[in-house]
Amino acid sequence: MMTVSPGSSTRVRREVRPTDQLPEGATSSKARPIISFTARRRGKAPSHLADLDLDGRKKVLSEVGFPAFRADQLSRHYFEHGVADPELMSDVPASMREVVSQTLLPHLITKVTSLRADDGETIKDLWELFDGARVESVLMRYPNRTTLCISSQAGCGMACPFCATGQMGLTRNLSTAEIVDQVRLARLACAEGALSEGPTHLSNVVFMGMGEPLANYRTVVQALHRLVDPAPEGFGMSARNITVSTVGLVPSIDRLAGEGIPVTLAVSLHAPDDDLRDELIPINSRWKVGELLDAARRYFVATGRRVSIEYALIRDMNDQPWRAQLLADELNRRGHGWVHVNPIPLNPTPGSIWTASTRRAQNEFVETLRASGIVTTIRDTRGSDIDGACGQLATAVQNRERNQSTGHAPVRPNTQEAR
Ligand code: SF4
C-alpha cells in the first residue's frame, strides 16, 4: 500500500516486502518499494499456434497425425487473413478442424467491453483471458497511421504510484499468443472499418498498455518475431513501426539491443533526477537515471533507432524549467541526434493529487528542451473521456461490477498511467 500527501513536496511512503524476487542485475535494498516480478497466478494460457514458430507448428501437427504442410496453411489463415476459427477455413478438412482447435487454435481472448472516444478515432477494448484475468488495448487512428497500444502483462508489478495498473499489482504474464491475438483482432477491426472514416490498415504497435514489457522478456521477444516475421511465420509488420516501452530494466534493454529486431525503444523517464524519480518510478531504486540513459544510448548505437523519452508532465512535480534543462543536459552529454523527447500532459482524473501541468508550464518545458537542441514533440492524450489511461478501464469495469452487486456508487480510479 502507498500513501501520498498533496503538494509539490509529495513523498511516497513504501512498504517493504521481504519476499520480493529481484531480476537479473538487481540488488537488494532495505527501503524497497512493492515491486514484484512474481505473478500471483500460475496458470498457463492454452498453447497456441502464435506461441510457436513455423517449425514448432509443424511438429505439433505431426504429433497428432496431420501433414506438416498444413502448418503453412493454418498460419496464413491466422496471420494473413486474421481467421482463428478452424470452422471458417473451408480448405481445411472437416475431420481436422476439431483437433486443430484444441492443439493450435484454442480461443484465447474475449471482449468484455469496448468504448469509443475522439469522434470514433479511438477505441478502447477490455479483454478477458482464459482464466478471467483482464487486459486492455487501445486502437487509435491518426492522419498518417493507425496505432494499437497493447498489454504484455495482466496488471503490473512495477508499482508506479500514479498508475492504475500499478495499483493492481501483477496478476500474471501474458503468453506470446495472448499478446499477438490483440494485434490480430485490431487488424481485423481496422479492415472492417471499426474506426471512424472507414477501413484502414494497422500500421503501428506500441507496447505501452498494461505491464512492463521487459519484465515478460522472452515472451515479448517472441511476440515481436510474430509481429515482424513475414507470413506464414507472422504478420510481416515493419520493426520500425513497433515501439517497446520500459520504465528502466537496464539489463533487459541491453539484451533487447542484441536481438536483431530494431524496434523503437521508449523509456518512461518522467524525471531527470534520482530524488524525484525514486518517488515516481520505484524501479529507479535499482537502476538510476544515469544508468538508464547510458543503456538507452547503447540501444541507439546498437540498433540505429532513435530512442524516445516519455515524460508525463505532472503539475508542480516534474514540470519545472530547471528539470527540463537538467534533462536536456543529461541527454546532450551522451551525444546529439540519438533521442527524441515526448512530453505528455497527465490526464487529470477527479480526486487525484496527480494532475496535468498548466499549458504555460508545458510550453516552457518544451521550449527549454528545444532551446538546447533536443527534438521534442508533445504527445496528445487519447481517450481521456473513456478511462483512457492504462488500467483505468479495467478498474472502472471491476468497480461497476462490484457495485452492481453491493449497490455502492461507482468509484473512479484516482490513479493515472502515463507511459
Ligand atoms: S506506469 Fe507502466 S511500469 Fe509503471 S506500474 Fe504502470 S504499467 Fe507498470
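Let me begin with helix H6, because what covers its buried residues includes strand E8 (170-173), helix H5 (176-191), strand E9 (204-207), strand E10 (242-246) and helix H7 (250-257). The model is a predicted one, and I will come to its confidence scores in a few minutes.

The residues of H6 that count as buried are Tyr217, Thr219, Val220, Ala223, Leu224, Arg226, Leu227 and Val228. As for the length of this helix, H6 takes in 12 residues, 217-228, which at 1.5 Å a residue should span 16 Å, and the distance between its end C-alpha atoms is 17 Å, in agreement with that expectation.

Among the elements around H6, let me take H5 in more detail. Two packed helices are described by the angle between their axes and the distance between the axes. For H5 and H6, the axes come within 8 Å and cross at roughly 40°, and the two helices are therefore oblique to each other. The crossing of H5 and H6 is right-handed, and the residues that make the contact are Thr176, Ile179, Val180 and Val183 on the H5 side, with Thr219, Gln222, Ala223, Arg226 and Leu227 on the H6 side. Of the H6 residues in that contact, Thr219, Ala223, Arg226 and Leu227 are also among those that count as buried.

Following the chain beyond H6, we come to the loop between H6 and E10, where Pro232 lies. Ala231 and Pro232 are joined by a cis peptide bond, with omega at about 10°.

Now to helix H2, where H5 appears again: the buried residues of H2 pack against helix H1 (54-63), helix H3 (94-103) and H5. Those buried residues are Ala71, Leu74, Ser75, His77, Tyr78 and Phe79. H2 has 13 residues, 69-81, and should span 18 Å at 1.5 Å a residue, which agrees with the 18 Å between its end C-alpha atoms. Just after H2 comes Gly82, which takes a positive phi of about 75°.

How do the axes of H1 and H2 cross? They come within 8 Å and cross at roughly 120°, and that makes H1 oblique to H2. The crossing of H1 and H2 is right-handed, and the contact is made by Leu54, Arg57, Lys58 and Leu61 of H1 together with Arg70, Ala71 and Ser75 of H2.

I would like to turn next to some backbone details. Most residues other than glycine have a negative phi, and most peptide bonds are trans. Glu197 has a phi near 70°, a positive value in a residue other than glycine, and Glu197 lies in the loop between H5 and E9. His270 likewise has a positive phi of about 70° although it is not a glycine, and His270 is found in the loop between strand E11 (264-268) and helix H8 (274-280).

Are these two residues buried or exposed? Glu197 is exposed, since 10 other C-beta atoms lie within 10 Å, whereas His270 counts as buried, with 27 C-beta neighbours inside 10 Å.

One further residue to look at is Glu367, whose place is in helix H11 (residues 359-371). With 13 other C-beta atoms within 10 Å, Glu367 is partly exposed. Glu367 and Gln325 are 42 residues apart in sequence, and their C-alpha atoms are 9.9 Å apart in space.

Stepping back to the whole chain, there are 12 helices and 14 strands, and of the 419 residues, 47% count as buried. Considering contacts between residues at least 6 apart in sequence, 67% join residues at least 24 apart.

Finally, the confidence scores. The chain averages a pLDDT of 86, and 81% of the residues score at least 70. Over residues 1-33, however, the pLDDT is below 50, and this stretch has 45 contacts in the model beyond near neighbours in sequence. At the other end, pLDDT stays under 50 over residues 404-419, for which the model has 48 contacts beyond four places in sequence. Where pLDDT is low, the predicted coordinates should not be read in detail.

Conventions: Residues numbered from 1 in each chain as written. Predicted model: local features only at pLDDT ≥ 70, side-chain atom pairs only at ≥ 80, totals over all residues. Helix = DSSP H or I, 4+ residues; strand = E, 2+ residues; numbered from the N terminus. Buried ≥ 20, exposed ≤ 12 C-beta atoms within 10 Å, placed from the backbone. Contact = placed C-beta atoms within 7 Å. pLDDT = per-residue confidence, 0-100. Expected span 1.5 Å × (residues − 1). Axes fitted to C-alpha atoms, helices over the stretch in contact; angles between N-to-C directions. Parallel < 35°, antiparallel > 145°, perpendicular 65-115°, else oblique. Left-handed = near helix turned anticlockwise from the far one by under 90°.
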